[in-house]
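Here are some short exercises to work through with the coordinates open. Try each task before you read its solution.

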Amino acid sequence: MVGGRRKKQHFSRIHAFTCGKAYFRGDHSLIGGPGFSRVVYCNDPECFEASLLNYGGNYVRSTKYTLATFFPKSLFEQFRRVANFYFLICAILSFTPLSPYSSISNVLPLVVVIGATMGKEAVEDWKRKKQDIEMNNRKVKVHQGDGRFEHTKWMDLKVGDIVKVEKDEFFPADLILLSSSYEEAICYVETMNLDGETNLKLKQALEATSSLHEDSSFQNFKAVIRCEDPNANLYSFVGSLEFRKEQYPLSPQQLLLRDSKLRNTDYIFGAVIFTGHDTKVIQNSTEPPSKRSKIERRMDKIVYVLFALLVLLSVIGSIFFGIATREDLENGKMTRWYLRPDETTIYYDPERATVAAILQFLTALMLYSYLIPISLYVSIEVVKVLQSIFINQDLHMYYEEADKPARARTSNLNEELGQVDTILSDKTGTLTCNSMEFIKCSVAGTSYGRGITEVEKALAWRKVSPLAQDVTEEEGQVEEFKKEKPSVKGFNFLDERIMNGNWIKEPRADVIQKFLLLLAVCHTAIPEVDEEAGRTSYEAESPDEAAFVVAARELGFEFYERTQTRISFYEFDPLSGKKVERSYNLLNILEFSSSRKRMSVIVRNEEGKLLLLCKGADSVMFERLAKSGQEFAELTKEHIAEYADAGLRTLVIAYREIDEQEYVEFNEQFTEAKNLVSADREEMIEEAAGKIERDLILLGATAVEDKLQNGVPDCIDKLAQAGIKIWVLTGDKMETAINIGFACSLLRQGMKQIVINPETPEIKALEKSDDKSAAAAAFKASVLQQIAEGKRLLSSSNKDSEAVALIVDGKSLTYALEDDVKDNFLELAIGCASVICCRSSPKQKALVTRLVKSKTGSTTLAIGDGANDVGMLQEADIGVGISGVEGMQAVMSSDIAIAQFRFLERLLLVHGHWCYRRISSMICYFFYKNIAFGFTIFFYEIYASFSGQAVYNDWFLSLYNVFFTSLPVIALGVFDQDVSSRLCLKFPPLYQEGIQNVLFSWLRILAWLFNGVLSATIIFFFCIRAMQHQAFRKGGEVVGLEILGATMYTCVVWVVNCQMALSISYFTYIQHLFIWGGIVFWYIFLIAYGAIDPDISTSAYQVFIEACAPSGLYWLLTLLVLIASLLPYFAYSAIQMRFFPLYHQMIQWIRSDGQTDDPEYCHIVRQRSLSHTTVGYTARFEAKSKSSKERARDH
Amino acid sequence: MDTDRERHRARETAFYLFTQQSLPACKPVLTPGWVIAIFLFMGVIFIPVGLITLRASHCVVEIVDRYDIDCVPEPSRMDKVSYIQDDSIPKNCSHFMKVHKYMKAPIYIYYQLDNYYQNHRRYVKSRSDKQLLDGQKYHDTSSCQPVESNNNRPIVPCGLIAWSLFNDTFEFIREGAELKVNRKNIAWKSDRGHKFGKNVYPFNFQNGTLIGGGKLNPEIPLSDQEDLIVWMRTSALPSFRKLYGRIEEDLDVDDVVVVNLMNNYNTYSFGGKKKLVLSTSSWLGGKNDFLGHACVFVGCSSLTLAIIFMLLHVKYRRPYGDMSYLPWNRKSFSG
């Protein structure tokens, strides 16, 4: 075990860090005071003092409700909705004589609706409960006394327990690290669940406790920890440990947080200090902001409109009722004597007609409540859940390699997906895989490597399409490369001139050797040798570096061991054809920093020569070359430009030999600088390093592909065609961001770039001086000026319809986001075809998102994968998390999680469009059907002297929304498709319907409401005119209230269901079943209800069998009313479809004409509808072919 | 075995298609061809149907005779209400009805009331179905207010509807001979069988200080009081007819029917009209041209729309792919 432990290399060996020594700092004096009162009796949680403190247990509850609070709390939630509250009032009032209908028929639908919603809540909460149970019943080894450790459930942990956590286990609570399997008492912790970072963090125990390696050593362990009270700050901790009568200070270095994971360490011992809800991670968890879609917000407004309408109708009704009631007694004589106005209750009292009218108003409110669809909210919720299931089930968004389907975590926002105007995307891990691939290099002025980037692939694919005119180059090569997939992670280099030791035959083999050597030596990676497989893998701080080391290995220079002072590797010796062991003495590492933009190592080789090996950005490297070292400078520069355009990250590789004297001088200065403890330490180090990194000899350049995820350029192109703006917000350097911009075709050659980055020397000088405010002011002025310039450029290029790109760096962004500048900035940004913000902090990402969201009012979608994107995801209208490698934090705070960026295309263009269409037509239809129904009731009141008598039977009324018309709407909301998914993707401009909100504009909503009123008018007046007072059958029987009611209701059910059938254009057997089933069900209900004892069925008793069915008039009238009500809509939609089709209707045309497979035709349709696509490779290709045509013309 | 597996596979593919939202579907598109065909079809269906309906309506012979004013003697016409409320004045009255067209038996006799809100909520609710079925055994008659009880004894049948029972009576004499009026089977069978009790007899009815409408013979069970049953089916609209009986003899053209009626019912206080209607019936029931007119109208508008649409379609031929008037393009053009 000890041997195994030694074998590993640790970061600690390279990075200097003080071992276990800690000093009491200022804030330790606070211990014991307010806010720092916690006392933990380690290993003695049961002792008297501890029991006095009574800290909570480790049970964690994440559920919203408990068994006891479920009913009151969820009921409260339900009735907070205005509509539901209104229905509750109606239900209560229905028990009074005010009610126009029986109370039970009114209460039942409400109970059904509320019950369904509460059931959903309960199921969701039960899922959380199950998670809690799983979490709380996990086991961990806990000290039981006598040095015995036994498995105990997490929830039974108490403050003060000593636990032993083993490799790859989660910490059950916040612990103080006491010791670990390592001598130095260090351990590695993965905090992915906390902050999303995958790199391991090093923790180290106090020296005093580090010797407690064995279980038995805890037999008599006693210590007291005093520390701060529970708080949410993950990165600070203040406490002290009293052990063997001595005080030791505790810092975050000893704190292990719940939900992080022990890695690379066999076991640790720790003392529990915070349990359950006291732990930092749970203190930190905030309620995610609840988001509502725009459509739903507008729907609320419609509900208010309907409420207003309802009140208006009720007022009208009650006024007329009041007048009629007052006239019932004229000078003490009864007019309508059959109503007995002389002996009446308050509700009909002619002498108190005003009061009666007011009470009648309440009755009317209840009677016309059918204007407001009671089942709307619950139906929408059901529909959205089902839509989410479809999203989750979509195999086209299932990432097989990681076994990850798409996951809609909140179903509220489905339709918002169809209205996205701006996408704000993270870069690393979202657009890119966060893995670097060594793909090309330029050595001694020759470019090597035939690897092909994702961009080139996309471009090449585009060229193959029949519309491309100038397909000339490299088509064959593409095919070839498809076959030879890179087998090594981080290595996609293909060139037989260099591989397999062939480099020796190249003309400048000596340079190539040095180049490869440099790649193998100049880095800070750590090898991990897997002895069984005989392979070495590397752990590096940045993926670029790993790519270099891997490349060196693949090309014959296999780095395998690193100690503090030595780097060892195998070198392929081409002469002997054998692997030769080499090891260089490592003297200094001059680390990378963003200002230096380079890193170097100084080594002594086996011959004793001193070498400085350096790699860095071209902007800093070329000026450091020696005059004699510029042999290949021109060619290399050319190659670098080429690589950069292909979206690759380039570094310049150079070296120099140092003589002993110079090195000694340098080392002295460097060491001195390093040991400095003052503010300008960094500067001194830089200066020292700068002195020696000069007169370099150029070897060549590397090109690493920051590998884009599969299909990203293609996806971005489609989204751009759909008219969605794409902004990239990244924490990366500007160069990298621009590279990726090129790689994704967000940028292209010939696009004007507005760069806001006022790093002028004056400002730098100002910054160096102490006058910070002056520097800030100067900086801001310069940002403002650049924005103004950008705007000028923008307006001039708008005339030539040229695309402009905006690139902002984080620091400028700070100023650009200030209140007085941000409007200007946004105006500029909106005008640009693509916007890239680099070096932006998580907070800035969120701020930019908020700016776009609030100022433009358009729907924003943020997509990201890391903890640094959380703010942005929560701020945006929709947050999409990539469930990639970088932990779960982003996913946990996202609304929808997908596994790959490219799935966004389908998520938006297909599901988004569908959901938007479905929900908007569903809501419109919902209001239509309720208006149509409610107005027939109102019209009838005109003929019933506004007394509140409903024309329909009580149960007809209450079941209207629940049974006869709700299923078809749900079918519409779940299954309707205007255009198939294939065509959605083929015609991205279709998405504009959502962005422009064509399907849910006020005009359209009002048109539907009007259609409802129209239908109601036709139904009502046709019915009463046709069934006026004459006999309605051969037998001479006349129409009574119940017969008119049943007939009218039949008409309403037919009209409303057929209207639905008419307005959708997609019938599967499900639609057929629901629509026609709804109508058939009405008849079945009518028969069944009519057959029940008249006590219950009252006026509906045998109304269908005895009265309606044998009457020819009834059937003829139904048919006539149906056709007459639908005719206006049908005529309207036929004319619109033929003469003013919407985009989806055009696609329907094309489909029905069978022209979708005619690429030429489709292209024309697409082209005509593309207003101005400015980014994406389609645009890029277009620009390219345009310029080449122009060139051809010029010749 | 094989079929089993096949069935299983079929189920699996069906499920797959379902979850991937690619179920086989019928996707009708409103192509001009379809639109024109549908419009034409509607026209072709509705015009003949309308004509047939109109014909049926025209076949019905209907004689309407308003008698509420004529039956009040000249001097009392200034104050019709006190006339009708004065029990001492005899209310009998004779009227002549001329048959203008041959009427084939059965001829239905209706009385028609206008401006009478039988569908008023207070009125509709003021009855007790249980009492009608079970009689005095059923005590809870609170719904019958205000005609619930009298002298602390329940009223059967209770409620405003029963209390305001229509009580004008008619006798028909043709050429000196009385026409036989069949007053049986004028109510719905389900009402007689299931809503009005066979052993329930009127009790304490119209004994109050204020007498509403007609009285009932306490010897006859409710299920046989067909006038009451007809009256108790409240009408849908404020102008309504109710069946009074049937004349089972044909009436010839120019026959004059003398109606001897008792003008008992008070419609004067609220300005209602009373009419007597004799009508034959067709397969569609009574005389009403509305349905026929509506059908013809719908048919004609369909035909017109078909023609207009066709003309427009021919005149403005245009490729479907023209996007210039898409909302977002329109906007960018204008702006």
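A charge sits over a ring if NZ of Lys or CZ of Arg is within 6 Å of the ring centre and within 35 degrees of the ring normal. Keep in mind that the model is predicted.

**Exercise 1. Charges over rings**

Which rings do the charged ends of B:Arg183 and B:Lys91 sit over?

Solution. Start with B:Arg183: its charged end sits over the ring of B:Tyr244, 3.8 Å from the ring centre. Then take B:Lys91, whose charged end is placed over the ring of B:Tyr83 at 5.6 Å from the centre.

**Exercise 2. Disulfides**

Find the disulfides of the model and say which parts of the chain each one links.

Solution. Step one is the count: a disulfide is a pair of cysteine sulfur atoms within 2.5 Å, and over all chains this gives 2 disulfides.

Step two is the bond of B:Cys71 and B:Cys93, with sulfur atoms 1.9 Å apart. The angle about the S-S bond is -65°, and the link is left-handed. B:Cys71 lies in the loop between strand S1 (62-66) and helix H3 (80-85) of chain B, while B:Cys93 belongs to strand S2 (residues 92-98), so the bond ties together parts 22 residues apart in sequence. Both B:Cys71 and B:Cys93 are buried.

Step three is the bond of B:Cys144 and B:Cys158, whose sulfur atoms are 1.9 Å apart. This pair links distant parts of the chain, 14 residues apart: B:Cys144 is in the loop between helix H5 (129-134) and strand S4 (149-150) of chain B, and B:Cys158 is in the loop between strand S5 (153-154) and helix H6 (160-163). B:Cys144 and B:Cys158 are both buried.

Finally, number the bonded cysteines of chain B in sequence order, and the pairing reads 1-2, 3-4.

**Exercise 3. Cysteines without a partner**

Why is A:Cys42 without a bond to A:Cys227, and is B:Cys59 buried or partly exposed?

Solution. For A:Cys42, the closest cysteine sulfur is that of A:Cys227, and because it is 9.5 Å away it is too far for a bond. A:Cys42 is buried, with a relative accessible area of 1%. B:Cys59 is in no disulfide either, as the nearest cysteine sulfur, in B:Cys295, is 16 Å away. B:Cys59 is partly exposed, at a relative accessible area of 45%.

**Exercise 4. Aromatic pairs**

Classify the ring pairs A:Tyr368 with A:Phe938 and A:Phe964 with A:Phe1081.

Solution. A pair of aromatic rings is described by the distance of the centres and the angle of the planes. Over all chains there are 84 aromatic pairs.

For A:Tyr368 and A:Phe938, the centres are 5.5 Å apart and the planes meet at 75°, so the pair is edge-to-face. A:Tyr368 is in the loop between helix H10 (353-367) and helix H11 (376-393) of chain A, and A:Phe938 is in helix H29 (residues 903-942), so the pair ties together parts 570 residues apart in sequence. Both rings belong to buried residues, A:Tyr368 and A:Phe938.

For A:Phe964 and A:Phe1081, a centre distance of 5.7 Å comes with planes at 45°, so this pair is tilted. A:Phe964 is buried, with a relative accessible area of 0%, whereas A:Phe1081 is partly exposed at 34%.

Methods. Residues are numbered from 1 along each chain as its sequence is written. Chains are lettered from A and ligands numbered from 1 in the order in which they are written. This is a predicted model: local features need pLDDT of at least 70, side-chain atom pairs count only at pLDDT 80 or more; totals for chains, interfaces and linings use all residues. Side-chain values use heavy atoms; hydrogens and water are left out. Helices (H or I, at least four residues) and strands (E, at least two) are DSSP runs, numbered from the N terminus. Buried means under 20% relative accessible area, exposed over 50%, partly exposed in between (1.4 Å probe, protein chains only). Rings of Phe, Tyr and Trp (its six-membered ring) pair if their centres lie within 6.5 Å; planes under 30 degrees apart count as stacked, over 60 as edge-to-face and the rest as tilted.
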